[in-house]
Amino acid sequence: MTDTIAAIATPFGSGGIGVIRISGPGAFGIAQKLFSTSRGPEKKPPQLTSHRVCHGFILDGGDVIDEVLVIPMEGPRSYTAEDVIEIQAHSGTIVLRRILGLIFDCGARPAEPGEFTKRAFLNGRIDLTQAEAVADIINARSDSSLKFAASQNLGSLKDDIVQMKDILMDLLSRLEASIDFPDEVTPFSFSGDDEASLDLVIERCQTLIQQYEDACFLKTGIRVAICGEPNVGKSSLMNQLLNKEKSIITAVPGTTRDPIEEGLNIEGIPFVVIDTAGIHETDDLVEIIGIEKARDHIGIADIILYLSEPGKTFSERAFLKTVPEEKKTLFVINKMDLVEDGKPGKPALPTLPDHLSHIPVVEISALTNLGIDRLKQRLMDFCIRNLDMENDAVIPNLRHKTALSLALDHLTAVRAGMAEGQEEETLALDVKNSIDSLGTITGETASIDILDAIFNNFCIGK
Ligand SMILES: Nc1nc2c(ncn2[C@@H]2O[C@H](COP(=O)(O)OP(=O)(O)OP(=O)(O)O)[C@@H](O)[C@H]2O)c(=O)[nH]1
Ligand SMILES: [Mg+2]
């Protein structure tokens, strides 16, 4: 028998409305005790009808604490699939705490973080991927991550996993029948259809893992490091991208020492832009430390903007020492306002050697904003090229990806075993292990530790 839990579901602080949520077998009884449809000293218990809003007052003895709306929801047609009462009161810390205190006096206990969602999961209303999506929706920092979280909340990933598991369950049941009743059923043999279905599941696992790799930046932000020689305008570009004076800009080379980073949202895609110290040979101890830090940031960046300016020659040696070979890189020529048509003594633009001609070149002026939109577009093209944002709305998280990789290992073993005519027992064990791995994603075979780790990340009241 579960107990009854309660918590304030809206953020603390003053606001229009604050919501208190009660869930469990005692929820309706508590509402009957505290709530009156009349403000007078004579308490008038409400007629609570499921899913009908009821207007009235929360009373403490003869005192009116607040005028509220109460929404009763009988289980299983509620968030937790239990009886739920939501009280919409005025949002002030004192008033909400006072009402919550009265609810506790009537027998409810404080809800733990994520406990409402955990109950929804334990009561089978949602699976684990949908529960995780609830946290992702709350924490979404960009339109795109919200879009994927909302789709997962509707069950897109769950449906995929269920489909894969159905195929594997069918295979497993036939393998086990053949093992358990060797005399009664015809010995198991793989048909062409079995191979095709297994390949389908393997392919889907691989695609989902790839989608995780392609999209993990949507949650953490794509790290873009701005680097290059001193004084080429790195900090100016940082400020222009962010549209604010974040980095210090001076005409003195070596101005930026510590890396400076800040989030930037381009058309719903989250980026983290990092301004770094100009890289060059120097004896200045502080600069040397700054350059080391710049290299660290370049190492972990997803995209490098390698800046130069008119009048400079491209030094391949300096470039290769700065930018790791496999990094996605844009060669950005800044200060293009200096070479506008009609300007006397135009300096020549730096050019890339032929064998580096695959690196896209973008010409900008951080001073006049010239080419900045084109640069942003280039950044977008770079990172969402592999991602079908419109049609493929399933993006696994790290936990799902780990489970998918494990399932894939077992399935690859089954596939190889099929070809080699391996014993049915070994094949069945691998199929079973792959089903269990997939089951941890939806939660059927997830351990208590996994559940605790997921729900402890929630806020109280959700
Ligand atoms: N004309 C022109 N000047 C620019 C442009 N961008 C930056 N500058 C100037 O170039 C100088 C250096 O700019 P910063 O943004 O501090 O350069 P930085 O690369 O961050 O320099 P360090 O931090 O010292 O490595 C400043 O005087 C800027 O005003 C540009 O697009 N056009
Ligand atoms: Mg700088």
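**Exercise 1. Around strand β10**

Task: Which residue in β10 does Glu262 stand opposite, and in which sense do β9 and β10 pair?

Solution. Start at Glu262: it stands opposite Val273 in β10. Now zoom out to the strands. In this predicted model, β9 (residues 260-266) and β10 pair in the antiparallel sense, over seven bridges. Next, look at how the chain gets from one to the other: β9 and β10 form a hairpin with two residues between them. Glu267 sits in that turn and has a positive phi of about 45 degrees.

Task: Which residue is the bridge partner of Val224 in β10?

Solution. The partner in β10 is Val273, the residue that Glu262 stands opposite. The pairing of β8 with β10 is parallel and runs over five bridges. As for its surroundings, β10 (residues 269-275) is mostly covered, with six of its seven residues buried.

**Exercise 2. Val224 and the core**

Task: Which residues have the most contacts inside the largest nonpolar core, and what does Val224 touch?

Solution. First, find the core: the largest one has 102 residues, and Ile20 and Val224 have the most contacts inside it. Then list the neighbours of Val224, leaving out residues up to four places away in sequence. They are Phe271, Val272, Val273, Ile274, Ala301, Ile303, Leu305 and Leu379. Val273, the bridge partner from the previous exercise, turns up here too.

**Exercise 3. The seven-stranded sheet**

Task: What is the strand order in the open sheet of seven strands, and which strands stand at its edges?

Solution. Read across the sheet: β3-β4-β5-β6-β2-β1-β7, with mixed pairing. The edge strands are β3 (35-36) and β7 (109-110); each has a single partner strand, so one side of each has no neighbour in the sheet.

Task: Walk from β3 to β6. In which sense does each pair run, and over how many bridges?

Solution. Take the pairs one at a time.

- Step 1: β3 and β4 (residues 54-60) are antiparallel, over two bridges. Phe35 stands opposite Ile58 in β4.
- Step 2: β4 and β5 are antiparallel as well, over seven bridges. Here Ile58 has Asp66 as its bridge partner in β5. These two strands form a hairpin with two residues between them, and Gly61 in the turn has a positive phi of about 65 degrees.
- Step 3: β5 and β6 pair in the antiparallel sense over five bridges. Leu69 finds its bridge partner in β6, namely Gln88.

**Exercise 4. Unusual backbone spots**

Task: What joins Gly75 and Pro76, and where is Pro76 placed?

Solution. Begin with the usual picture: most residues other than glycine have a negative phi, and most peptide bonds are trans. Gly75 and Pro76, though, are joined by a cis peptide bond, with omega about 0 degrees. Pro76 is in the loop between β5 (63-73) and β6 (84-91).

Task: Ala81 and Asn231 both have a positive phi without being glycines. Is each buried or partly exposed?

Solution. Take Ala81, with its phi of about 70 degrees. You'll find it in the loop between β5 and β6. It has 19 other C-beta atoms within 10 Å, and being buried takes 20 or more, so Ala81 is partly exposed. Now Asn231, with a phi of about 75 degrees: it lies in the loop between β8 (222-228) and α8 (234-242). Its count is 21, so Asn231 is buried.

**Exercise 5. Helix α8 and ligand 1**

Task: How many residues of α8 are buried, and what follows the helix?

Solution. Eight of the nine are buried, so α8 is largely enclosed by the rest of the structure. Among them are Lys234, Ser235, Ser236 and Leu237. After the helix comes Asn243, with a positive phi near 65 degrees.

Task: Which residues come nearest to ligand 1, and what classes make up its shell?

Solution. Of the 22 residues around ligand 1, the nearest are Gly233, Ser235, Ser236, Thr256 and Gly278. Ser235 and Ser236 are also on the list of buried α8 residues. Sorted by class, the shell has eight nonpolar, eleven polar and three charged residues.

**Exercise 6. Confidence**

Task: Where is confidence lowest, and where is it highest?

Solution. For the protein as a whole, the mean pLDDT is 90, and 96% of residues reach 70 or more. Helix α5 (residues 143-153) is lowest, at a mean of 78, while strand β13 (residues 361-363) is highest, at 97.

How values were computed. Residues are numbered from 1 along each chain as its sequence is written. Chains are lettered from A and ligands numbered from 1 in the order in which they are written. This is a predicted model: local features need pLDDT of at least 70, side-chain atom pairs count only at pLDDT 80 or more; totals for chains, interfaces and linings use all residues. A nonpolar core is a set of buried Ala, Val, Leu, Ile, Met, Phe, Trp, Tyr and Cys residues joined through C-beta atoms within 7 Å. A residue is buried if 20 or more other C-beta atoms lie within 10 Å of its own, exposed if 12 or fewer, and partly exposed in between; C-beta atoms are placed from the backbone. Two residues are in contact if their C-beta atoms, placed from the backbone, lie within 7 Å. pLDDT is the predictor's confidence in each residue, from 0 to 100. Helices (H or I, at least four residues) and strands (E, at least two) are DSSP runs, numbered from the N terminus. A residue is near a molecule or strand if its C-beta atom, placed from the backbone, lies within 6 Å of it. Ala, Val, Leu, Ile, Met, Phe, Trp, Tyr, Cys and Pro count as nonpolar, Asp, Glu, Lys and Arg as charged, and the others, Gly among them, as polar. Two strands pair if DSSP finds at least two bridges between them.
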